[in-house]
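Please read this report alongside the sequence and the structure. It takes up salt bridges, a sheet, a helix pair and one residue in its surroundings.

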Amino acid sequence: MDAKTLLRLSLLLFPGGLLLPGPKVVTEAQDASPEAHHAPAQWITSPGAPARDLTMLHFRRELDLEKVPEHFLVDVSADNRFLFEVNRELIGTGPARSDLAHWRYEVYDLAPHLHAGRNVLAATVWNLGKLAPVAQISNRTGFLLRGEGETEQAANTNDGWWSEEEPGFEAASESMSELKGYYAADPIEKIDARLFDWTWDAATSTSRRWKKAEPIGPAAERGTGDTPNNWQLVKNPLPGMESREKPGGRVVRSSGLTTNGGFPDGPVEIAAHQKVSILLDNGELTTAFAELAVSGGRDARIRVTYAEALKNDKGEKGNRNEIAGKNITGVYDEYVADGAAGRTLKSLVWRTWRYLQLDIETHDEALELRRLRSWFTAFPFEQRGRFASDDPALSSIWDVGWRTARLDAHETYMDTPYWEQLQYIGDTRIQALVSFAVAGDDRLARQAVEAFDESRIPDGITLSRYPTNHFQAIPTFSLLWVGMLHDFAMYRSDPAFVSEHLIGTRAVLDWYVRHQNANGLVGRLPWWNFIDWANGFRGGDPPLDEHGDSAVITLHFVMALREAAELESLYGDRQRAERYREVAARAVEGVRKLCWNRGLGLFADTPLQKEYSQHTNSMAVLLDVLPKEQQREVMTKVLSVSDAGFKGSGSLPPMEKASYYYRFYLARALEHAGMGDRYLELLEPWKGMLALGLTTWAETPEPTRSDSHAWSAHPNYDLLTIVAGIRPAAPGFEKVEIEPHLGKLRDLTASFPWKEGEIQVDYKLERGSWTIRVTLPAGLTGELVWQGKRYALSGGRQTFQLAAEDSPRR
C-alpha cells in the first residue's frame, strides 16, 4: 500500500488539519522517566479501562530524532484491533486475525514517515467485548509496539507512552431477526463526534483525559518461554490488504431533498429540522470503507445502512437491479455530527454492500454532505489467469466469479463478506484452488492450511472454521482439509510445508478410523455432519440409517484416505500410506455391497436404499467405486435428474440435487466419467443468477441469505481446469496435462499461471479443422490429451492441427 493511499485512509474518523488550538498536553517521551526510553517492550493499556468489555483507547508517544535513520523497524500488535499512525500518516491496521497461541504482529519500517525533530507515534485500539465478531479471538485489551533494533527501542510501548479512553465510541449488536439470517460479523458502530477526541494523533492534543499508559506484561515471541498475558507472538506472513479509492455510487432514490446537487461527488445541503433519505447503488457488490465528509449540522444524526440487495414487503430480493417497491434493511453504522467543518466519518471496519442508504435527521443547524466515496479493500490478489471464448455468457461468469473470490478474501478467506466473515474449510478448499489457478498465489492458502491445523481439538479433528471464538466442529470438513493439503502439494513444490502438516492429517484420519463400522461404512459421528445445503438434507446432513451409516460421508472418507496415502508415500510414512489404502478399500467394498441398487443402477445414500442423491453417485463415480464402463450411465442419470428437478424422471427414483457448492464435486465426477464436454450444462444456475442481476455468486438458489458466497465461485477453476483442461500432472506442478472439454465452443483462449510464467492455450475450429496452440514456460513439460491420444509438450510454443473427426464428442 503506497504512502499516499495510507495518508488518505488515515482520515478514518480523524481528518488532518482540523485541530482546534489549545494547551499542549504533556505527552512527550522525554517527560517520562529516563530509563523508560529503552525499557523492554510491554503490552500496555489505559489505567482503569475495561480489560475485556467494549472500549476504544488512544495511545501516543512523542519521539525526538536528531536525524532520520535509514530504517526504523517496529513490530505492532493489539487486542482486538489497532490503527497505527506516524505524524498523522496511517501506517497500517491489524493485527491479522489468529489465536492466542499464534497472535500476529505487523512489521513496519517507519523511516519514510519520520523527520528530524519531534515525531508523534499514535494508535487507536478497540475491543468489542461480547459484541466482537465470531472470527475474533481475544485475551484482553492491549497495545504493543516493539522496536526491532537498538535505535528503535526508544519507541517501545511502556510507561513512556500516554493513553486515554474514548467516550465518543459505542457499539451495538445486530438483530438477526431483523436481518433474517445468521450474522457473525462486526456489530453496529456508533460515533458521537461531539464527544470524540479529534486531536488524539495531532502534534498538539486538546484532550484532558490523557494518562500514563499502564504496562500489563512483556511481549513474548511464540516458543520463547512463559507468556503470562497469553499472547504468543508470531510475525504476520501476509502482505497488507489492497486499498483503492472508488466512487461513492449513484443516487437512485431520495426523499426530503428538492435536489441531490452533485452528491455523492459534490456537496448537497440539508436544511435544519429535516429528515432526508438517500439511496445509492454501487452497481456491484463491494467490500470497502464508506467515507462520508460533512460540515456543520451539530446534533444531526446520520445512519449509514449497507445491503447486498433490496427487498420487497415479502422479504424477496428478486432482480437485484430493480428498486421499485423495495426497501433496504441491513447492517448499519450511526454518527452524531459535532458541527465542525470538513469532518470525515468512516467506520473502523470495512463493510459489504451494493446498496447504501443515508438516513439523516438534522436539528438546529443545516448539514452539508460534502462527498461520499469508498475505499475498496481485499487481499491483494492479481488476476494472472485468463479465460475467453465465443460464448459471452462465460465471460460474465468468469468476471462475476473472480469478483466473488476477491470479496471473500481478506486477511483470511471468508465464506461471505457480509454475513459471517468466517474461514470455513468447505469454502476455503475451493477458494484456495481458485487462488492457485487465477492468481498463481499461495500465500492465503498457506495461512488457511496452517490455521485449520492449529484448530485441531484433542479428539484429533479440526474445527469447521478458524479462527473463531465459537466452537463448531464439522467432521466432514476435516476430511476436506486433508484434501486441501493434497491440493497444495499438487500446485506447489514445498515438501517441508506439506510434511509439517502430516501430523494433523494423521490425527484426523485416525479419528475417522475409530468411527468406521465393521461393515466398512463410517458410522454415526458427533457434532455436525454437513455435506451440502440440499433441500432434502436436513440441516445440511445427508440421510443416515439406524446405525448412522452414510454412503456419501464414507466416500469423502475414502477420498481423504487416498489423498493422504499419496502424501504419505511422497513425504511421510509409506507403511501408513498402505494402511490408508487398505482402510479405503474396506470402505469402498462396504459401499458397493450395501448401497448399490442393481435394479436402479444407482447408489443409495444408506444401506436402507430409500434415498438417493447426486452427491453419493457423483462421489462413487469420482472414486471409481463403480467400474469405468458403468460410470457414464450413472452420470447420465445424475444429469437427467438435475434437468427434471427433485421428483425423479421416468424409472428413476427421487434424487436429491446438488447445490451450487456441491456441483464442484459433481463436475469432477462428470469429467472423470469421460463426459467433461457436458460440463457447460452445469452452468445454467449461474446464468440464472446473472439474469437476476447478481454481481457475485449467491450461497444457495433463491431465496438466498447471502449474495456473495465463496464456494459458488468454483466455475473460474472449472473453466481453466475442465474446459480449457489445464492441470498439474505431477506433485509440485512439475508437469502439466492439458485435456480440454470444449462442448459446443468453437473458439477459446486461456492462460494459467505457473511459477513466474504462464501456460497458454488457444483452441479454434475453422472449416472442420481444429487448430490448437499451446505455449509452456521454459522448464515445464507435459502432454496434450485429445480424444484419448497423447501429444508430448515442452517449453515454448507448439501447434497442432486436428481434423473434425478427432474433435470431442458433442
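Is K190 buried or partly exposed? K190 is partly exposed, with a relative accessible area of 27%. The value comes from a predicted model.

**Salt bridges**

The side chain of K190 meets that of E334 in a salt bridge, at 3.8 Å from N to O. This pair links distant parts of the chain. K190 sits in strand β11 and E334 in strand β20 (residues 331-336), 144 residues apart. E334 is partly exposed too, with a relative accessible area of 22%. That is above the 20% under which a residue counts as buried.

Strand β20 also holds D333, which takes part in a salt bridge with R351 of strand β22 (residues 351-361). The N to O distance here is 2.6 Å. The two residues are 18 apart in sequence, so their salt bridge ties together separate parts of the chain. R351 and D333 are both buried.

A further salt bridge joins the side chains of R209 and E164, at 3.5 Å from N to O. R209 lies in the loop between β11 (188-192) and β12 (211-212), whereas E164 belongs to strand β9 (residues 162-165), so the pair ties together parts that are 45 residues apart in sequence. The two partners differ in exposure: R209 is partly exposed, with a relative accessible area of 32%, while E164 is buried at 0%.

The pairs are set out below.

| Pair | N to O distance | Separation in sequence |
|---|---|---|
| R209 and E164 | 3.5 Å | 45 residues |
| K190 and E334 | 3.8 Å | 144 residues |
| R351 and D333 | 2.6 Å | 18 residues |

The structure holds 49 salt bridges. Some share partners: R60, E62, D64 and R118 are joined in this way into one network.

**The sheet**

An open sheet is built from 5 strands, paired antiparallel. Their order is β24-β29-β30-β31-β34. The edge strands are β24 (386-389) and β34 (796-803), each of which pairs on one side only. On average, neighbouring strands of this sheet are turned by 10 degrees against each other, direction ignored.

How many bridges join β24 to β29? There are 4, and the two strands run antiparallel. Strand β29 covers residues 747-754. Within β29, T749 is the bridge partner of A388.

**The helix pair**

Two packed helices are described by the angle between their axes and the distance between the axes. For helix α4 (residues 425-439) and helix α6 (residues 475-491), the axes come within 9 Å and cross at roughly 10 degrees. α4 and α6 are therefore roughly parallel to each other.

Helix α4 makes the contact through I425, G426, T428, R429, L433 and F436. From α6, the residues in contact include F477, L480, W481, M484, F488 and Y491. By class, this contact has 9 nonpolar, 4 polar and 2 charged residues.

**One buried asparagine**

What are the surroundings of N716? This residue is found in helix α15 (residues 715-723). N716 is buried, with a relative accessible area of 0%. Leaving aside neighbours within four places in sequence, N716 is in contact with I397, W398, G401, W402, V434 and V438.

Conventions:
Residues are numbered from 1 along each chain as its sequence is written. This is a predicted model: local features need pLDDT of at least 70, side-chain atom pairs count only at pLDDT 80 or more; totals for chains, interfaces and linings use all residues. Side-chain values use heavy atoms; hydrogens and water are left out. Two strands pair if DSSP finds at least two bridges between them. Axes are lines fitted to C-alpha atoms, for helices over the stretch in contact, and angles run from 0 to 180 degrees between N-to-C directions. A salt bridge is a side-chain nitrogen of Lys or Arg within 4 Å of a carboxyl oxygen of Asp or Glu. Buried means under 20% relative accessible area, exposed over 50%, partly exposed in between (1.4 Å probe, protein chains only). Angles under 35 degrees count as roughly parallel, over 145 as roughly antiparallel, 65 to 115 as roughly perpendicular and the rest as oblique. Contact means heavy atoms within 4.5 Å. Ala, Val, Leu, Ile, Met, Phe, Trp, Tyr, Cys and Pro count as nonpolar, Asp, Glu, Lys and Arg as charged, and the others, Gly among them, as polar.
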